[in-house]
There are 2 protein chains.
Amino acid sequence: MTFRQSPTRWALADGRELLFFTLPGHDCEPVPDRRSLPQRCAAQSELRFDRTTGQWVIIAALRQDRTYMPPADRCPLCPGPSGLTSEIPAADYDVVAFENRFASLTEAGGSAFQLPDPADADFVSAPSHGRCEVICFSSDHTGSFAGLDFRQARLVVEAWRHRTAELSATPGIEQVFCFENRGAEIGVTLTHPHGQIYGYPYLTPRTEQMLQAARAHRTRTGTNLFADVLAHEVRDGARIVARTELFTAFVPFAARWPVEVHIYPNRFAHNLLDLDGAELDEFTRVYSDILQRLDRLYPTPLPYMAALHQYADTDAQREGYFHVEVMSTRRSATKLKYLASSESAMDAFINDVRPEAIAEMVRTA
Amino acid sequence: MTFRQSPTRWALADGRELLFFTLPGHDCEPVPDRRSLPQRCAAQSELRFDRTTGQWVIIAALRQDRTYMPPADRCPLCPGPSGLTSEIPAADYDVVAFENRFASLTEAGGSAFQLPDPADADFVSAPSHGRCEVICFSSDHTGSFAGLDFRQARLVVEAWRHRTAELSATPGIEQVFCFENRGAEIGVTLTHPHGQIYGYPYLTPRTEQMLQAARAHRTRTGTNLFADVLAHEVRDGARIVARTELFTAFVPFAARWPVEVHIYPNRFAHNLLDLDGAELDEFTRVYSDILQRLDRLYPTPLPYMAALHQYADTDAQREGYFHVEVMSTRRSATKLKYLASSESAMDAFINDVRPEAIAEMVRTA
């Protein structure tokens, strides 16, 4: 499936950027955003360096006031033909991405931005440069990614590619993270099907850690860590959930979450931009298939987090292998796993579900 | 305050160990545990190595059946004078510690145990050697640590010391972690005031990370990282919550949680065993005071995690500075913070509350 190259760009009342991605044959007809919005204020948000862990933390007091479970007729992600009721001033749309009104990272690209050296002072902080976007998967208020038809899901993948390319090229953005939080159980405050895209000004701690493991593996074995993990999982077979000519989905051997499925392209790629047309189509099918299976595991749809691990072809990120990790805290039909002290204070994960057992459940769902 | 040196040891029906810690002048009179309990089975629990992060994960399928919110008259942590209704077969007790019936780590000390080298195979796993204990803070079913009188709280501290000393000396245990999870909001399944003690067979990932940061700091500056952080916080003052001659409590500059308070002894110590009598008494007072303040922040008691960071005087852990981290996911009177994709998938924390603001709230609570 091929797409028109450029989305339509629009500006919201407070200057935030909105992009319309349209299916072949569709037009988009935005109207002016006539809301009276306060000007954005980034001053309340900053990065602070935690010396005891060597990690940056985002302090974003602004977000305390964000929209919380509005009634369906006031959903800010539904189309707003009047330009007065919604974040998307248009009679309809296919897929949109726009800057989050309650962003914890802002103003990337405005000027050359470099993080300060943590050794420079006792307390090191920096403006929270970066980008936080919302991506609406459909104009239909109900439903979910798993329920999108192929063309619609493929358009979301195309929008992810566009945002990845553009934000990766933005000065000051080090990592682009496309993700979806789904379900009130994990704190989602808007039910309209949507995901988010973060452009961080640093490599996130987990990515840094995985890349470090991969570099050590390369030094030791001469091979790519993730490619080897994929090959081992395929050879073992016990945790494979789905496998096609181009993609493989499996529950990892040392899964941290009661439900956890990883999706890898069979061919090494850094990110969605490296995939060819056939791979993008297949990725769309396999990803949708996995989400549909996960929703059939229990009587109610699964609350989940879906994380696209994408990497740039830079020295630091070269060993990174594009994959998606889908995780859920649901450990049975009625119970959730909580990240309590062992996980939250010590990062020591305890998984109550055997990876082989959940793989069998997803395989047969 | 001084204590009788040795707790009374008892055995539960399935062979698990139970220890009674008693206040001066009190006796403990355990009765036989007459319950018909299944023999413990460790076979369902194992450690698995995650190559992509370089971390061990505990897979503990056994825990799925653990006791979940029993009615008050069937609380397994209340005294059980008949030996038929409780984990503690006795008419009363002051403080007890016993092996968790639904342990994710077991059988430490039975034989010399060494973790396998992760480079040895494609999939590396090991028996989940270690220890999981429950510690009951009081025989009173209601209440909390914050509500204990000084003598009772000091006895809990003494029990922590005893368990730290004994488990640290147990072959195969690398790290002893005393902690409390409090509140249904973070998944606590028993309301009787209690904490837990884990003896991990490895250094937990966060501890490893903090020690790595501390070693790098030592190399660069010749000083201890945590001592420097404490000195900087004291000098700055904006986030200090309480300070006495012997202890300091503060909200860290780069707090990851909406409520987060760290408590440090003013003098360097690796763990509770390094503290003298006056310091132990003062720690008890300051810790209780902080928990009381936290419960006054909002109309209802705060759900929290309290983590005792203790270290051994070994090459790997020498830079570790004993401290307690108390954290809560509550970000307002009615809202909780959820660890969604940014935190859970990328370890990139976003804190909605300014550390200076929460410090002021705790200071004046």
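Here are some questions and answers about this predicted model.

User: How are chain A and chain B related, and which C-alpha of chain A is nearest the axis?
Analyst: Happy to start there! A turn of 180° with a shift of 0.0 Å along the axis lays chain A on chain B with an RMSD of 0.0 Å. That is the relation of a two-fold axis. In chain A, the C-alpha nearest that axis lies 4.3 Å from it and belongs to Leu339(A).

User: What percentage of the interface residues of chain A are also interface residues in chain B?
Analyst: The copies meet through the same surface. That follows because the share of chain A interface residues that are also interface residues in chain B is 100%.

User: Which helix gives the most to the lining of the largest pocket, and with how many residues?
Analyst: Good one to look at in the viewer. The largest pocket holds about 1400 Å³ of space, and its lining draws at least two residues from each of strand E4 (55–60) and helix H2 (205–221) of chain A, and from each of strand E4 (55–60) and helix H2 (205–221) of chain B. The top contributor is H2(A), with 9 residues.

User: How do the residues of that lining divide into nonpolar, polar and charged?
Analyst: The lining of the largest pocket has 48 residues, and those nearest its centre are Gln209(A), Gln212(A), Thr53(B), Glu208(B) and Gln212(B). By class, the lining divides into 22 nonpolar, 14 polar and 12 charged.

User: Is Arg206(A) buried or exposed?
Analyst: Arg206(A) is in helix H2 of chain A. Beyond its neighbours within four places in sequence, Arg206(A) is in contact with Arg256(A), His309(A) and Glu325(A), and also with Thr53(B), Ala345(B), Met346(B) and Asp347(B). Its relative accessibility is 2%, and buried means under 20%, so Arg206(A) counts as buried.

User: What distance should helix H1 of chain A span, and how far apart are its end C-alpha atoms?
Analyst: Let's work it through. H1(A) covers residues 150–168 and has 19 residues. Of these, 14 are buried, so the helix is largely enclosed by the rest of the structure. At 1.5 Å a residue the expected span is 27 Å, which agrees with the distance between the end C-alpha atoms, 27 Å.

User: How far apart in space are Ala119(A) and Glu158(A)?
Analyst: Ala119(A) sits in the loop between strand E6 (106–107) and strand E7 (125–127) of chain A, and at 39% relative accessibility it counts as partly exposed. Ala119(A) and Glu158(A) are 39 residues apart in sequence. In space, C-alpha to C-alpha, Ala119(A) and Glu158(A) are separated by 41 Å.

Key
Residues numbered from 1 in each chain as written. Chains lettered and ligands numbered in written order. Predicted model: local features only at pLDDT ≥ 70, side-chain atom pairs only at ≥ 80, totals over all residues. Heavy atoms only, no water. 1 Å grid on protein atoms, 1.4 Å probe; cavity = no way out; pocket = protein on both sides within 12 Å on 5 of 7 lines; lining within 4 Å. Points joined across faces, edges and corners; volume = space filled by probe spheres on them. Helix = DSSP H or I, 4+ residues; strand = E, 2+ residues; numbered from the N terminus. Nonpolar A, V, L, I, M, F, W, Y, C, P; charged D, E, K, R; others polar. Expected span 1.5 Å × (residues − 1). Buried < 20%, exposed > 50% of the residue type's maximum accessible area, 1.4 Å probe, protein only. Least-squares fit on C-alpha atoms with pLDDT ≥ 70 in both. Contact = heavy atoms within 4.5 Å.
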